[in-house]
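Please take a moment with the sequence and the model below before reading on. The paragraphs that follow lead from one part to the next.

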Amino acid sequence: MDNPTSPFPPLNLDNLRAIKVLGKGAMGTVFLVHNTITDPLSLYPFALKVIDKFSKPDSDRRARWETTVLHRLHHPFLPTLLGFSETPDMLSYAVPYCSGGDLNVLRYQQSDHVFSPSAIRFYLAEIILALEYLHTLGIVYRDLKPENILIQQSGHVTLTDFDLCKNLTLKKNLSSLDFNSDPEIDNIPPPTQPKKFRQFAKFVLPKKTCTYSRSTTTTKNGLRKVKSARVSPVSRRNPSSFYERSNSFVGTEEYVAPEVVRGEGHEFAVDWWALGVLCYEMLYGTTPFKGKNKKENFRRILMMEPEFIGKRNALTDLIGKLLEKDPTRRLGYRRGASEIKEHEFFRGLKWDLLTEVVRPPFLPSKDGTELTEEVKRGGFDVTEYLQKLKAPPSPLWSPSHDEWRNNVSLTEF
């Protein structure tokens, strides 16, 4: 049943037939479906994400937020909201189908499970453009990882999963600030840190580094201790500080930025940190701060520097500058994506022509035999499938590949 008051394109679930399940997550299930009325042969299938409103306390709110974000997007490397439907129990929305799978699957298909520098350059460039567009809308993505980067049939990328993104609002007192010079920040009180974040930092950090003083100190081995949660200077060179910070603790463990772990509040720079982690994983096949458990992961994020193999080059230099633990010194903090585009690694790249590249590094197979056979068999009903999922789980159940990485979501918005 469609919601006649919804501002989104209507979607009639009665006309849809599922071809297969594309993935399952904490928020819902994603199906590959086709419209039996307008596309009986399934020449143009699309992805349908279905969320059980009562699966988690915040499922309904997060799903509505994600559809609101999707409705605003108009970019070649971001999804488009094709339709929306709501029933008393479920909320569903449709987006284009990306037949190439995700970047993590694609990486495992490569020799040594890593990408070449040229492939990394291509994918990073498209991801940067997608993030730049989101940032211009005031949206910080906060969930960049290989599993959330899909490959279109054309070989270009699409970011997915926007339920953790956040809309940062402009600060109310901007009109009273002098943007031609930096204000004296020592007289500005630091933002209050929630008690849970102070306790969490004590759990992660060694006692000698668990400090909230206003200065940054450097140890003998060059590692910086925890920096205070002070207000950053506002200047024309730092547009991100025009926005209020978010104090949410969200993201994927191995991709979480240091300022998120410290509970200092964060802005758009967390996306550039995640880009550095992604780039490192594409180059070496592993994330740079991976530990044995959550506590060690976060301690390494705060204390360790990334390790590089062999002679340093433009790519490793880019990674190092993106993985700067102080967000105010991180590449991309002051001038956003423009800073990153100017890096040596992207020299000569024609950013405005990326969408016209007809031979990306990898093109998905166009063999649709499997889908055609499933369509001939009639597929299956989405609602009936979801009802079966509510039955008690089998003792033979085991985590799927999608659940290997642990999503951290201690506090939402």
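**Aromatic rings, strands and two buried residues**

F115, F122, Y123 and F362 form one aromatic cluster. The model in which they are found is a predicted one, and a search through the whole of it finds 12 aromatic pairs. One of these pairs joins two members of the cluster: the rings of F122 and Y123 have their centres 5.4 Å apart and their planes at 75°, and because planes over 60 degrees apart count as edge-to-face, this pair is described in that way. Both F122 and Y123 are buried.

Another pair is made by F380 and Y385, whose ring centres lie 5.5 Å apart with the planes at 40°, so this pair is tilted. F380 has a relative accessibility of 22% and therefore counts as partly exposed, since the term buried is kept for values under 20%.

Aromatic rings also have charged side chains placed over them. R107 lies over the face of Y108, at 4.6 Å from the ring centre, while K341 lies over the face of W351, at 5.4 Å from the ring centre.

Turning to the strands, one may begin with β2, which spans residues 29-35. Of its 7 residues, 6 are buried, so strand β2 is largely enclosed by the rest of the structure. Strand β1, residues 16-24, runs antiparallel to β2 and is joined to it by 7 bridges; within this pairing, L16 stands opposite N35 of β2. The two strands β1 and β2 form a hairpin, with 4 residues between them. Strand β2 is also paired with strand β3, residues 46-52, again in the antiparallel sense and over 5 bridges, and here T29 has V50 in β3 as its bridge partner.

Strand β3 is also the place of K49, a residue covered by the annotation "binding site" in an unreviewed UniProt entry. Is K49 buried or exposed? Its relative accessibility is 9%, so K49 counts as buried. When neighbours within four places in sequence are left aside, K49 is in contact with M27, T29, V30, E66, L91, S92, Y93 and D161.

A further buried residue, T160, is placed in the loop between β8 (157-159) and β9 (166-167). T160 has a relative accessibility of 19%, and because this value is under the 20% cut-off, the residue counts as buried. Not counting residues up to four places away in sequence, T160 touches Y141, E147, N148 and L150.

Methods. Residues are numbered from 1 along each chain as its sequence is written. This is a predicted model: local features need pLDDT of at least 70, side-chain atom pairs count only at pLDDT 80 or more; totals for chains, interfaces and linings use all residues. Side-chain values use heavy atoms; hydrogens and water are left out. Buried means under 20% relative accessible area, exposed over 50%, partly exposed in between (1.4 Å probe, protein chains only). Two strands pair if DSSP finds at least two bridges between them. UniProt positions are given in the numbering used here, feature names are shortened, and annotations may be inferred rather than shown by experiment. Contact means heavy atoms within 4.5 Å. Rings of Phe, Tyr and Trp (its six-membered ring) pair if their centres lie within 6.5 Å; planes under 30 degrees apart count as stacked, over 60 as edge-to-face and the rest as tilted. A charge sits over a ring if NZ of Lys or CZ of Arg is within 6 Å of the ring centre and within 35 degrees of the ring normal.
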